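Okay, thanks for coming, everyone. Let me put the structure up on the screen so we can walk through it together.

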Protein chains: 2
Amino acid sequence: MSHTHHNNALTLSELGQQVRLKGWVQKVRNLGGLVFIDLRDRHGITQLVVKPENPHYEAALKIKNEYVITIEGTVIERESKNKNLPTGDIEVDVSGLTVLSTAANPPLIIADQTDALEEVRLRYRYLDLRRPVMQRYMIMRHDITQAIRTALLNEGYYEFETPMLGKSTPEGARDYLVPSRLYPGQFYALPQSPQIYKQLFMVAGFEKYFQVARCFRDEDLRADRQPEFTQIDIEASFVDETDVQALVERVLSHTFKTVLKHELTMPFARMTYADAMRDYGTDKPDTRYDMLLKDYSALFAGCDIPLFKDKQAIKGLVLEAGATLTRKQIDQLTELVKKHHGEALAWLKYEGGALSGSLARFIDQTMQDKLGLKDGDILFVVPGSEADVAQSLGVLRETLARMFDLIPKDVYHVVWITDWPLLEYNEEDGRYYAKHHPFTAPADPDMLKHDPAQALAKAYDIVLNGHEIGGGSIRIHDQAIQKLMFKTLGLDDHEVKRRFGFFVDALKYGTPPHGGIALGLDRIVMLMTHTENIKDVVAFPKTQSAKDLMMQSPDSVDEDQLEALKIKVGE
Amino acid sequence: MSHTHHNNALTLSELGQQVRLKGWVQKVRNLGGLVFIDLRDRHGITQLVVKPENPHYEAALKIKNEYVITIEGTVIERESKNKNLPTGDIEVDVSGLTVLSTAANPPLIIADQTDALEEVRLRYRYLDLRRPVMQRYMIMRHDITQAIRTALLNEGYYEFETPMLGKSTPEGARDYLVPSRLYPGQFYALPQSPQIYKQLFMVAGFEKYFQVARCFRDEDLRADRQPEFTQIDIEASFVDETDVQALVERVLSHTFKTVLKHELTMPFARMTYADAMRDYGTDKPDTRYDMLLKDYSALFAGCDIPLFKDKQAIKGLVLEAGATLTRKQIDQLTELVKKHHGEALAWLKYEGGALSGSLARFIDQTMQDKLGLKDGDILFVVPGSEADVAQSLGVLRETLARMFDLIPKDVYHVVWITDWPLLEYNEEDGRYYAKHHPFTAPADPDMLKHDPAQALAKAYDIVLNGHEIGGGSIRIHDQAIQKLMFKTLGLDDHEVKRRFGFFVDALKYGTPPHGGIALGLDRIVMLMTHTENIKDVVAFPKTQSAKDLMMQSPDSVDEDQLEALKIKVGE
């Protein structure tokens with residue numbers, strides 16, 4: 001059954017050769033008695049020609065799109081060449097033809113451009129994946145994964161597996177549970193990450209570990225989230241923050257070079273969490289364009305603007321050449337800002353030498369000079385709490401950048417976000433939560449003890465073009481500090497013992513300093529392939545309601561399966 | 001924090017150099033005022049010496065086993081060299097010493113030899129994994145996995161991921177279920193294998209796929225089974241049985257060469273299922289030694305032996321030099337044979353020119369000549385049904401081989417088992433089951449239709465030293481044959497539609513001929529590391545009752561987790 005060439009391979013160099021090809025019929029045309037067949041495989045397309053005198057002519061006439069065939073024939077020069085195709089100079093004059101598989105008319109067109117609904121694409125995913133664009137996405141995912149792996153192997157990292165049937169932990173997102181048949185009423189949990197296992201590899205002395213790890217979160221989904229996702233999970237011993245960051249820089253640099261022939265600027269930029277929140281209003285700053293947030297509280301202190309009175313923060317941003325925004329558009333932006341907890345959106349246009357907008361009547365010449373708007377600019381200002389102002393302006397900034405096409409294409413800006421708060425206080429629960437996770441080392445253990453609200457973490461996120469693609473930290477390797485951490489999180493001794501007891505125990509037998517990171521593979525692939533939807537880079541994704549439309553899962557199961565688990569379903 | 005050398009690296013070539021090392025304290029000795037410390041990392045051990053005049057002397061005296069330390073010092077020549085250690089010619093005269101982590105006395109000794117109970121080893125797995133022998137197992141697992149991957153990548157295979165949250169299918173072993181929160185009463189299932197997904201990759205036109213795939217079976221466990229296990233899952237299009245087999249031979253040959261420096265004999269041996277059952281009494285023949293099963297029905301036809309009367313099969317084997325077996329041992333072997341459904345174990349010793357045993361009184365000189373026993377041999381014969389005789393003699397053969405140490409060490413016999421029956425009939429259910437799985441192609445579709453009991457499959461298993469390490473087949477790529485297969489298995493249309501409907505559908509849009517195999521990674525690693533227990537090659541294994549003793553999972557979960565899933569536990 002073997003073939004001599006893939007369908008991207010034949011050129012004038014093979015003229016006159018006898019070849020065997022295989023593949024799917026992309027298109028059949030009957031032109032002036034000649035039957036032309038475009039034969040597709042994962043590599044490309046070759047044109048076949050069947051002449052009327054050919055004994056296979058009648059068979060060829062019956063062939064339809066998506067039939068699977070093998071052919072033998074001779075490579076001949078084409079009369080009208082196709083410069084867009086690597087094989088465009090030749091065609092194959094068919095001498096033998098076998099239909100391996102017939103095909104019904106597919107419910108979606110096998111081509112890059114499709115108007116099929118997402119539901120149809122997911123239901124017939126095996127056909128959707130035939131589309132060349134999807135093949136490229138999947139193959140790039142493969143290439144990216146292998147490039148990352150190669151880089152880590154070259155650094156002496158071991159690729160180890162960890163269990164999928166783990167234990168439910170109370171911190172973090174909601175777990176997927178797996179009922180135990182042998183211990184009715186008890187459950188395994190699918191891992192949200194191999195965090196504890198990878199730290200145990202360090203306790204065990206392996207020093208350098210990675211895994212292409214499947215992780216699970218039973219959360220309500222967004223466009224860039226799936227219930228199961230893949231992370232490049234990395235951990236190392238005897239390292240500090242800069243060691244882990246430098247490793248990731250080498251790994252990503254190798255990956256971009258190998259897969260995209262793109263040189264990332266090294267070392268990556270660094271920004272503290274505080275600076276990111278101050279200048280970009282987000283911990284995932286997109287640094288491909290400016291339009292930074294500015295503090296206008298001092299500037300407006302002298303003006304008696306009711307909206308700004310007694311506010312914790314008054315911040316804003318200037319959109320150059322943004323005065324073209326219509327009143328309607330500004331109303332929509334105001335809605336957006338309010339949706340993200342901004343109290344109001346004040347604005348000021350400077351256009352044709354005149355000011356307009358909700359702030360205009362408060363601005364005299366001195367103020368105008370201080371603001372320094374250029375003709376055609378617009379200034380937006382949001383008052384409110386620090387957090388609300390930052391969040392709403394961060395979203396406004398991104399929205400304006402997209403509206404005004406300010407984001408350069410094919411550039412990759414990577415930035416480390418450092419100096420994270422260790423904890424966040426939740427007013428509702430009246431307790432602290434770990435900003436990253438409860439194993440993150442404090443920058444200064446004394447701060448954790450005496451002023452937890454101000455304690456910083458040895459934690460770092462990595463942000464690519466405004467998307468978080470990974471996060472990590474140096475871990476606590478001292479049992480006493482780990483206990484203090486749990487105590488600060490308000491976990492009582494009984495709970496700690498039940499959930500993490502063995503892990504606190506593990507720290508007492510000689511644990512090396514260690515740390516690591518987890519990189520979100522799906523998101524990295526999404527950004528490197530310039531897709532907008534995470535589903536495009538997952539072979540068999542679930543819908544936003546966590547359904548597999550092809551398999552029709554989840555689904556009901558046989559009653560005896562539930563009986564074996566001693567499980568009942570009900571309200 | 002960086003170190004200059006690993007602990008296996010220093011030799012006389014580095015004499016006089018200033019070095020920084022890190023690791024775990026393997027042993028501390030206080031000899032004549034000098035403190036000697038064996039410093040261990042994953043690479044090896046280096047001896048440190050701290051002299052009384054050293055400012056760190058007092059600190060060194062306090063160091064205990066498993067402390068984590070870093071040191072600086074000078075490489076000096078040892079007075080008494082240790083030829084068993086790569087670093088045995090030198091020691092490091094310590095000038096700086098930092099304790100990174102103290103250690104309590106570990107509950108098991110960190111050395112290859114351990115008398116710790118398995119329960120203790122599993123509970124403190126992070127310490128068990130510190131033992132050098134376990135480090136070697138884990139690192140060999142890593143090496144073997146990478147070697148297999150490299151071979152497949154070199155063959156142009158894509159490594160793709162498939163979902164873990166799949167759908168429960170009625171055929172096969174018991175599924176692990178995952179309750180859906182968004183669809184109460186519905187369940188995902190963890191995959192027993194990515195079988196359907198990998199076939200869909202072929203439908204989608206990717207042609208060559210593999211995955212290091214985690215799979216799950218909620219079955220009662222044996223020593224070489226775990227609830228979750230890893231298989232090298234492979235599928236290719238436009239291939240037949242010999243293509244898949246040749247690929248696997250190249251992959252395994254590369255792996256044995258890379259990891260063990262061992263050349264496997266190529267091509268691997270081949271044996272039909274019928275021959276394996278006839279000659280070895282098992283479909284997993286250990287061909288490292290002979291002692292084949294023989295058919296004695298013709299030979300004993302003339303003798304009036306009540307035990308053998310009207311039996312479907314009378315088969316046996318000759319153990320050379322086996323006459324030393326005592327009556328008590330033979331009684332134990334009889335128990336073993338009966339446990340494996342053998343009706344009885346008849347035996348005949350030929351020793352010092354005389355016959356003895358339960359068959360002796362039926363044997364005259366003519367018979368004796370025909371049997372051709374050599375002095376010291378023993379013949380065992382089992383009567384009964386074909387299947388029972390084969391099974392019990394197969395087990396007897398393996399047991400005798402181990403008792404008499406007939407199995408050569410460090411040899412690897414690989415054999416393909418071919419020409420499998422497609423189906424097996426289950427008397428109890430009154431229906432056929434697929435011998436491999438319901439997607440296996442029949443060797444001859446007409447046989448499936450007209451004489452399913454006799455139909456053979458395009459299936460193959462691969463057996464290494466008597467252990468099945470993989471199985472695969474060419475798949476059905478024709479929708480009509482797939483429907484016939486389901487019908488033969490007694491699955492009604494409704495059931496087929498509900499469970500496999502989309503898959504039968506998928507076959508109609510141009511499916512290439514395809515096939516593949518799944519290799520059991522855990523078992524391959526077990527055989528290549530010469531361990532007896534699959535737990536030794538899994539980082540964090542479960543007990544035979546599917547418990548994780550370290551994590552204490554499965555475990556109870558919070559009531560609100562069950563409420564979110566609308567699940568109740570009860571009888």
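I'll start with how the two chains relate, then go to one loop residue and one helix.

Just so you know, this is a predicted model. So, how does chain B sit relative to chain A? Rotate chain B by 180°, with 0.0 Å of shift along the axis, and chain B superposes on chain A with an RMSD of 0.1 Å. The two copies are thus related as by a two-fold rotation axis. And 99% of the interface residues of chain B are interface residues in chain A too, so the copies meet through the same surface.

Now, have a look at B:Thr324. You'll find B:Thr324 in the loop between strand E13 (313–319) and helix H8 (327–339) of chain B. Is B:Thr324 buried or exposed? There are 12 other C-beta atoms within 10 Å, and 12 or fewer counts as exposed, so B:Thr324 is exposed. If you go from B:Thr324 to B:Arg431, you cover 107 residues in sequence and 47 Å in space, C-alpha to C-alpha.

On to helix H10 of chain B, residues 386–403. With 18 residues at 1.5 Å a residue, H10 should span 26 Å, and its end C-alpha atoms are indeed 26 Å apart, so that agrees. Several residues of H10(B) are buried, among them B:Val389, B:Leu393, B:Leu396 and B:Arg397. What covers the buried residues there? The cover includes helix H7 (273–280), E13, H8 and strand E16 (378–384) of chain B. So E13 and H8, which flank our loop, turn up again as cover for H10(B). Finally, after H10(B) comes B:Asp405, with a positive phi near 55°.

Conventions. Residues numbered from 1 in each chain as written. Chains lettered and ligands numbered in written order. Predicted model: local features only at pLDDT ≥ 70, side-chain atom pairs only at ≥ 80, totals over all residues. Least-squares fit on C-alpha atoms with pLDDT ≥ 70 in both. Contact = placed C-beta atoms within 7 Å. Helix = DSSP H or I, 4+ residues; strand = E, 2+ residues; numbered from the N terminus. Buried ≥ 20, exposed ≤ 12 C-beta atoms within 10 Å, placed from the backbone. Expected span 1.5 Å × (residues − 1).
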